[in-house]
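Q: Hi! Could you walk me through this one?

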Protein chains: 2
Amino acid sequence: MKPLLDELMAIVGPPHVLTDGDLSAWTQDWRKRTHGRALAVVRPASTAEVSAVVKACVGYLTLHPHSGISLVPQGGNTGLVVGSTPDDTGQQIVLSLQRMNAVRHIDAANLTITVEAGCILQAVQDAARAAGFLFPLSLAAEGSCTIGGNLAANAGGTQVLRFGNARELCLGLEVVTAQGDIWAGLSGLRKDNTGYDLRHLYIGSEGTLGIITAATLKLYPLPAAQLTAWAALPSMDAAVTLLGLAHQHLGAGLTGFEVMGQFALGLVNRHFGHLRVPFTDSPFCVLLENSDHESETHARAQLEGLLEAAMDNGCVTDAVVAESLAQAKTLWQIRESIPLAQAEEGLNIKHDISVPVSAIPAFVQATDTLLQQAIAGVRLVNFGHLGDGNLHYNVQAPLGVDAAVFLRDQEPLVNRLVFDSVMQFGGSISAEHGIGSLKVDHLAHYKSPVALQAMRAIKQALDPHNLLNPGRVLQVQPSA
Amino acid sequence: MKPLLDELMAIVGPPHVLTDGDLSAWTQDWRKRTHGRALAVVRPASTAEVSAVVKACVGYLTLHPHSGISLVPQGGNTGLVVGSTPDDTGQQIVLSLQRMNAVRHIDAANLTITVEAGCILQAVQDAARAAGFLFPLSLAAEGSCTIGGNLAANAGGTQVLRFGNARELCLGLEVVTAQGDIWAGLSGLRKDNTGYDLRHLYIGSEGTLGIITAATLKLYPLPAAQLTAWAALPSMDAAVTLLGLAHQHLGAGLTGFEVMGQFALGLVNRHFGHLRVPFTDSPFCVLLENSDHESETHARAQLEGLLEAAMDNGCVTDAVVAESLAQAKTLWQIRESIPLAQAEEGLNIKHDISVPVSAIPAFVQATDTLLQQAIAGVRLVNFGHLGDGNLHYNVQAPLGVDAAVFLRDQEPLVNRLVFDSVMQFGGSISAEHGIGSLKVDHLAHYKSPVALQAMRAIKQALDPHNLLNPGRVLQVQPSA
């Protein structure tokens, strides 16, 4: 390995090839579920350096095909499915994009921003806002995650309802291929029908097909006002009805629609009582956000009109509209505190699933019943982005049962019951978190064999040495 | 070939394998530029039949690898780049999806419609409207083109500004692969991060990677009001300024923004005088559409507010807002009549290009100058979807020059000047029409070699026999 490491040092400079000391910031995953070993952490400063690093590895692999050398691209290392940390072979090189964090260009008339992969998501949002625009991708880890990782994982978050996932916000990519070539695809074009859409192939491929080094992203005008409401609902059916009304009344103004079950909010109430959760006796609550290009007065009239119609309809039993930015922030904080409250309550089994919006009530009822029949007293934490059909459907140990023991004994059963149910309702076992290494076996089991075969053929065609993030997403043999 | 044709007849029924008589509806392209010869036109009625047809061809090719048999998937045969008609070898089988035209399902709560590939676009729009929803894809050929073709070509049209291209409107696909397998990907999910996005790979691949047999598409609430305005502008720079103002004032209400040059409108005036083109002495006109979820009063106030701001700014010198649906239709008809008026004026050299919106004024100025220097008296017809950076930049013979002679002598030069200029401004040589067979050589010349190599590897991996629409988009050798 020494010659390869020397070559990498020559490319990025010796201070940026880390092999000693505590490398856990790069080798341990965000949720601390696994701790791998890296041959090295390499931190290139430019696309040319990324290209040279890949070419060095390809060269080494050509001479030493059984060396087991491979590259694990990494951004902010905030992923939830162990997709960007090395395995325990000690033969994987972490390729950290963090030093490539420039905002290259803002094109106001084209409504685009071009940034390097290592830009922190919040920095992209801030740069857009400073230029008078909105970059709408927003998620819990935005202070640490990078835009390259967001694109590699096709991140979702709370604004998908209106603006789509990360892929819908991307107009162009710069990618270093598995051969070390640079694809300069930072077009910033809204229409470009010149062949296969490589951009969408690299986005969501979790670093297994190419290394995203920069992206051109869509910007939107900043809204004139943003109002948040909190509504109490009698059932999940009512939440689906409210969503339909909200689409009609708010149109594209509807930028947030988060549903939360009573048990989830009860946990927030227990562990973060100072947040004063409204309507804790309601079976479900929904957080709504209305973004308006006109004025706060208009936004408020629209939102109040919706809530009146919903009370008349009966799908909402009570509601408040935040009177200040501080109140709105607190409502969002309650929503964002659910995972933290869950953690306070103890370990739990998390699922990030989606089904068609219309199927959500039946899915929840059927799956709740299945789990309660299988495990007496099991507690269900249910919340998520209803507008996208995306639930974080988490399973907590029965009261009095040790959480670690519960996980060890019941996780396979719980996963099987939940995923089988998801498939029955035409859903996805990973809505926004991706596959990484954590769900590779689940994907092999649940994904259509036709799709898996096509994916494998693509992986082998674009990365014949299986150099890039091998074993993530799907298992393949090198074809080179 | 006889055994293969017998097998195909056994699959779809003898009346649906056409080999005799006038097949020009399937073998001649929309613009009547080429007339191919088909071994047969095969018209399956179901996905299972499509699958069986592909498997029969694969079987035949395995036994007769040099037979030259291949399949040309075809929808409404309205494409503009000769991508869905057979070549002149007489060995290609046209696979017409027209009999597969069912609307399978509307899911109101999920805001989706599932349709078969052969559905006419207008029928999809109508089915959506009948259920109280908008399916926003809209283009000139909507009465004849099919949704399968729209997706295969990633069609654009007039509503892209707000709703995106065909690909952005598609949540799931059913595809028959080059092996004849059926990928049942009609998920209707808004979030699904389970591996590579095959949907986006098939969309826009022009039938070269798989055969789209059905799709699940996004629906939107019908707008409460839609208003159209016509504005006079002093320059293309002013049009870009107006676009920025329109984004700010109308937000997501801005659903149309079409720019038209004075010469283009003059042709409409000359050949369709009854349409009464407004502001014919203005260098440029813009057609604006504002869709509002609230009311016509609100829509009008918003649009008038925008036009006042634009007049204050100076980017608009005069404007009218349509007072009735009939007036609005006439304004759109003027816009849609430009290609017809051009045809009346004589043959011309068409380009469907895009550049970043910010680069449009400089691109137009530079390219106009280049062409006028190269060909004295050349006339430039310039119109298009400015909001998407997409211009139909067409070149008409100088007055008094025979159009056919002009095309024969000048087309290569004109194409080179226009495409070189497009590349210099970071644009695309095919914004919404695709590559087909007409632009294969242009693509090979202008597209990044890195991208071409990736595309070729993908084609060979997914279609090793080169069975599906060979020679379209890019040239490859069979890898099987």
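Q: How many salt bridges are there between chain B and chain A?
A: The count is six, taking a salt bridge as a side-chain nitrogen of Lys or Arg within 4 Å of a carboxyl oxygen of Asp or Glu. One pairs the side chains of Arg167(A) and Asp197(B), at 3.3 Å from N to O. This is a predicted model, where local features need pLDDT of at least 70, side-chain atom pairs count only at pLDDT 80 or more, and totals for chains, interfaces and linings use all residues. Side-chain values use heavy atoms, without hydrogens and water.

Q: Cool. What area is buried between chain B and chain A?
A: About 6100 Å², with 59% from carbon and sulfur atoms; that is accessible area (1.4 Å probe) lost on putting the two together, summed over both. Lys191(B), Asn193(B) and Tyr196(B) supply 18% of what chain B buries against chain A, more than any other three residues.

Q: And how many residues are in contact?
A: 80 of chain B with 80 of chain A, contact being heavy atoms within 4.5 Å.

Q: Switching to helices: which residues of helix 16 of chain A meet helix 15 of chain B?
A: Ala454(A), Ala457(A), Ile458(A), Ala461(A) and Leu462(A). Their partners in helix 15 of chain B are Ala454(B), Ala457(B), Ile458(B), Ala461(B) and Leu462(B). The residues of this contact divide into ten nonpolar, no polar and no charged.

Q: At what angle do the axes of those two helices cross?
A: Roughly 140 degrees, and the axes come within 9 Å.

How values were computed: Residues numbered from 1 in each chain as written. Chains lettered and ligands numbered in written order. Axes fitted to C-alpha atoms, helices over the stretch in contact; angles between N-to-C directions. Helix = DSSP H or I, 4+ residues; strand = E, 2+ residues; numbered from the N terminus. Nonpolar A, V, L, I, M, F, W, Y, C, P; charged D, E, K, R; others polar.
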